[in-house]
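Student: I have a chain in front of me and a list of terms to test. Can we go through them one at a time?

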Amino acid sequence: MAETFRPIGATTLLAPIPAVLLSCRGTEPGFERANLITVAWAGVVNTSPPMISVSIRPERHSYAQIRQSGAFCLNLVGRDLCRAADYCGVKSGRDVDKFAELSLHARELDGFPAPALEEAPAFLCCRVTQVIPLGSHDLFLCRVAEVFARDELFDADGSLHLNRAHLVAYAHGQYIPLRERPEGFFGYSVAREEVVRRRLGAPNGQRKAAQGKARPAGKTPRTGKGPRPKGGKRP
């Protein structure tokens, strides 16, 4: 029996999306205090050069700060920052010193005009390259100048493990923690069994089941082994 779906209208129901704390500081009187704003409309838009985008309403206090400085930091949010992320999404920097109110700390960066959040597990230093009015929001296209991550997120060989940051995503008005154990990794659907075992540590039967589910329906993996089917051609 076919599944049924219910139309709910043209909305921004893309989920989950990152919940990030944007830190910024303006250059003009009344805007020079370090500020934090929670941004849900953020994403990667290019690899080389590395670029991200954020969308912010023009009436926001942080909007003017970013236009003045041309820069900000995107701070990743772990479970310990979830409450702060919610607070910074409902309070305005015009009225509240959010760093002071939440006992958080602005981290100054040499040669960069915006502060980072000291308590964040990682942050991206971004410089604005273009501002595009869209309607309710303006889209800031930004080039990533540098990325910093806490030492404890790295192995001795330099491998970065973001699962140790206990990151939180945002989905339909709720903050949802990511699982520490991944369901897979990029390319696992076609990876050799020993690679999947080393990366995921799943029991043999579960690994095969996961790989089988990842294959397109009606197709057989090309292993290069085993007898050919009738007709002398491999599937």
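Tutor: Start with a pair of charged residues. The side chains of Glu194 and Arg192 meet, with N and O 2.8 Å apart. Keep in mind that this model is predicted.

Student: What makes the meeting of Glu194 and Arg192 a salt bridge?

Tutor: The cut-off is within 4 Å, from a side-chain nitrogen of Lys or Arg to a carboxyl oxygen of Asp or Glu. Glu194 and Arg192 come to 2.8 Å, N to O. So the pair counts as a salt bridge.

Student: Is Arg192 exposed or buried?

Tutor: Exposed means over 50% relative accessible area. Arg192 has 55%, so Arg192 is exposed. Glu194 has 39%, so Glu194 counts as partly exposed.

Student: How many salt bridges does the rule give?

Tutor: The count comes to seven. Among them is the pair Glu183 and Arg179, with the closest N and O atoms 2.2 Å apart. Another is Arg164 with Asp155, at 2.5 Å.

Student: Why are Glu183 and Arg179 called exposed?

Tutor: Set each value against the cut-off of over 50%. Glu183 is at 54%, so Glu183 counts as exposed. Arg179 is at 55%, so Arg179 counts as exposed too.

Student: Why is Arg164 called partly exposed?

Tutor: Buried is under 20%, exposed is over 50%, and partly exposed lies in between. Arg164 is at 34%, so the middle label applies. Asp155 is at 30%, so Asp155 is also partly exposed.

Student: Now a nonpolar residue. Where does Phe154 lie?

Tutor: Phe154 is in the loop between strand S10 (138-149) and strand S11 (168-171).

Student: What makes Phe154 fit for a surface patch?

Tutor: A patch member needs over 30% relative accessible area and no salt bridge. Phe154 has 33%, so the area test is passed. Phe154, Leu160 and Leu162 form a nonpolar patch with about 240 Å² of accessible area together.

Student: And inside the chain? Which residues touch the most other members of the largest nonpolar core?

Tutor: Leu22, Ile52, Val54, Phe72 and Leu74 do, in a core of 23 residues. Several elements each supply at least two of these residues, including strand S2 (20-24), strand S3 (35-39) and helix H1 (61-69). A second, separate core has twelve residues, including Leu21, Leu36, Phe99 and Ala120.

Student: Why might nonpolar side chains gather like that?

Tutor: In soluble globular proteins, nonpolar side chains tend to be buried together.

Student: What is Leu22 in contact with?

Tutor: Leave aside neighbours within four places in sequence. The contacts of Leu22 then include Leu36, Val54, Ile66, Phe72 and Leu74.

Student: Why does Gln65 count as buried?

Tutor: Buried means under 20%. Gln65 is at 0%, so Gln65 counts as buried. Gln65 sits in helix H1. Beyond its neighbours within four places in sequence, Gln65 is in contact with residues including Cys24, Phe31 and Asn35.

Student: Which other residues of H1 are buried?

Tutor: The buried residues of H1 include His61, Ser62, Tyr63, Ile66 and Ser69. Their cover includes S2, S3, S5, S6, S9 and S10.

Student: How do you know that both faces of S3 are covered?

Tutor: Check each side. Asn35, Ile37 and Val39 are buried on one, and Leu36 and Thr38 on the other. That makes five of its five residues buried.

Student: How do you know that S2 and S3 pair?

Tutor: Pairing needs at least two bridges. S2 and S3 have five, in the antiparallel sense, so they pair. One bridge joins Val20 to Val39 in S3.

Student: What makes strand S1 (17-18) an edge strand?

Tutor: Look at the open sheet, with the order S1-S11-S12 and antiparallel pairing. S1 and strand S12 (174-177) each have a single partner strand, so one side of each is left without a neighbour in the sheet. Two bridges join S1 to S11, and the bridge partner of Ile17 in S11 is Tyr170.

Student: How much of the whole chain counts as buried?

Tutor: The figure is 34% of the 235 residues. The chain has five helices and twelve strands.

Conventions: Residues are numbered from 1 along each chain as its sequence is written. This is a predicted model: local features need pLDDT of at least 70, side-chain atom pairs count only at pLDDT 80 or more; totals for chains, interfaces and linings use all residues. Side-chain values use heavy atoms; hydrogens and water are left out. Patches are made of residues with over 30% relative accessible area and no salt bridge: like charges are joined within 9 Å, nonpolar side chains (Val, Leu, Ile, Met, Phe, Trp, Tyr) within 5 Å. Accessible areas come from the Shrake-Rupley method with a 1.4 Å probe; for residues, only the protein chains shown count as cover. Helices (H or I, at least four residues) and strands (E, at least two) are DSSP runs, numbered from the N terminus. Buried means under 20% relative accessible area, exposed over 50%, partly exposed in between (1.4 Å probe, protein chains only). A nonpolar core is a set of buried Ala, Val, Leu, Ile, Met, Phe, Trp, Tyr and Cys residues joined through side-chain atoms within 4.5 Å. Contact means heavy atoms within 4.5 Å.
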